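The exercises below ask you to read contacts, accessibility and charge pairing from a structure, one step at a time. Please try each task against the display before you turn to its solution.

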Amino acid sequence: QKNRQLFQAADSTFLWCSLSRTRVIRLRDEALCRRYYYWTERQRLRFDDALRILSEREFFISEERIMAIVRRMVREGRDNSLKPVPKVKMPRLTNDQLSLFPEL
């Protein structure tokens, strides 16, 4: 009967859905951090390999989003065992710079 009451009013339905969505996202983020810790600390994978696995096989969200979640969780102090990697920018090499390296 409680479920019926939630679906009868549009405002109640929206509130119920948004609370449920928030809770599910929080649970996803916690699970993602546990899996990140597993791959990087227990299995000793490099962080980029761990991100690829989490992104392509387990959570199906972008690697950038995964790192944002991990950084946020560390910043909020929810998981002290996590150590996020710093943001790394790709080096910008020109053709002239690349020509300095002879091909073998």
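**Exercise 1.** Which backbone oxygen does the side chain of threonine 40 reach, and at what distance?

*Solution.* Begin with the ground rules: this is a predicted model, in which local features need pLDDT of at least 70 and side-chain atom pairs count only at pLDDT 80 or more, whereas totals for chains, interfaces and linings use all residues. Residues are numbered from 1 along each chain as its sequence is written, and side-chain values use heavy atoms, with hydrogens and water left out.

Next, place the residue: threonine 40 is found in helix α2, residues 10–42, where a helix is a DSSP run of H or I with at least four residues, numbered from the N terminus. The side chain of threonine 40 reaches the backbone oxygen of tyrosine 36 at 2.7 Å.

Then consider the surroundings of threonine 40, which counts as buried because its relative accessibility is 12%; buried means under 20% relative accessible area, exposed over 50%, and partly exposed in between, with a 1.4 Å probe and protein chains only. Once neighbours within four places in sequence are set aside, threonine 40 is in contact (heavy atoms within 4.5 Å) with Leu45, Phe47 and Ala50.

**Exercise 2.** Find how many aromatic pairs there are, and describe the geometry.

*Solution.* Apply the rule, by which rings of Phe, Tyr and Trp (its six-membered ring) pair if their centres lie within 6.5 Å, planes under 30 degrees apart being stacked, over 60 edge-to-face and the rest tilted. By this rule the count is 1 aromatic pair. Tyrosine 38 and tryptophan 39 make up an edge-to-face aromatic pair, with 5.1 Å from centre to centre and 75° between the planes. As for accessibility, tyrosine 38 is partly exposed at 30%, whereas tryptophan 39 is buried, its relative accessible area being 16%.

**Exercise 3.** Compare the salt bridges that helix α2 residues make within the helix and with other helices, working from sequence separation and accessibility.

*Solution.* Start from the principle that side chains of opposite charge can pair when their charged atoms come close. A salt bridge here is a side-chain nitrogen of Lys or Arg within 4 Å of a carboxyl oxygen of Asp or Glu, and the structure holds 9 of them.

First, take the pair within the helix: glutamate 30 and arginine 26 meet through their side chains in a salt bridge of 3.5 Å, N to O. These two residues, glutamate 30 and arginine 26, are separated by about one helical turn because they lie 4 residues apart in helix α2. Glutamate 30 is partly exposed at 26%, and arginine 26 is partly exposed at 37%.

Second, turn to aspartate 29, which forms a salt bridge with arginine 72, their closest N and O atoms being 2.7 Å apart. This pair links distant parts of the chain, since aspartate 29 is in helix α2 and arginine 72 in helix α4 (residues 63–75), 43 residues apart. Aspartate 29 is buried, with a relative accessible area of 2%, whereas arginine 72 is partly exposed at 21%.

Third, the side chains of arginine 35 and glutamate 58 meet in a salt bridge at 2.9 Å, N to O. Arginine 35 lies in helix α2 and glutamate 58 in helix α3 (residues 47–59), so the pair ties together parts that are 23 residues apart in sequence.

Finally, look for shared partners: salt bridges that share them join Arg28, Asp29, Arg72 and Glu76 into one network.

Key:
A polar contact is a pair of N or O atoms within 3.5 Å; within protein, one must be able to donate a hydrogen and the other to accept it, and residues adjacent in sequence count only if both atoms are side-chain atoms.
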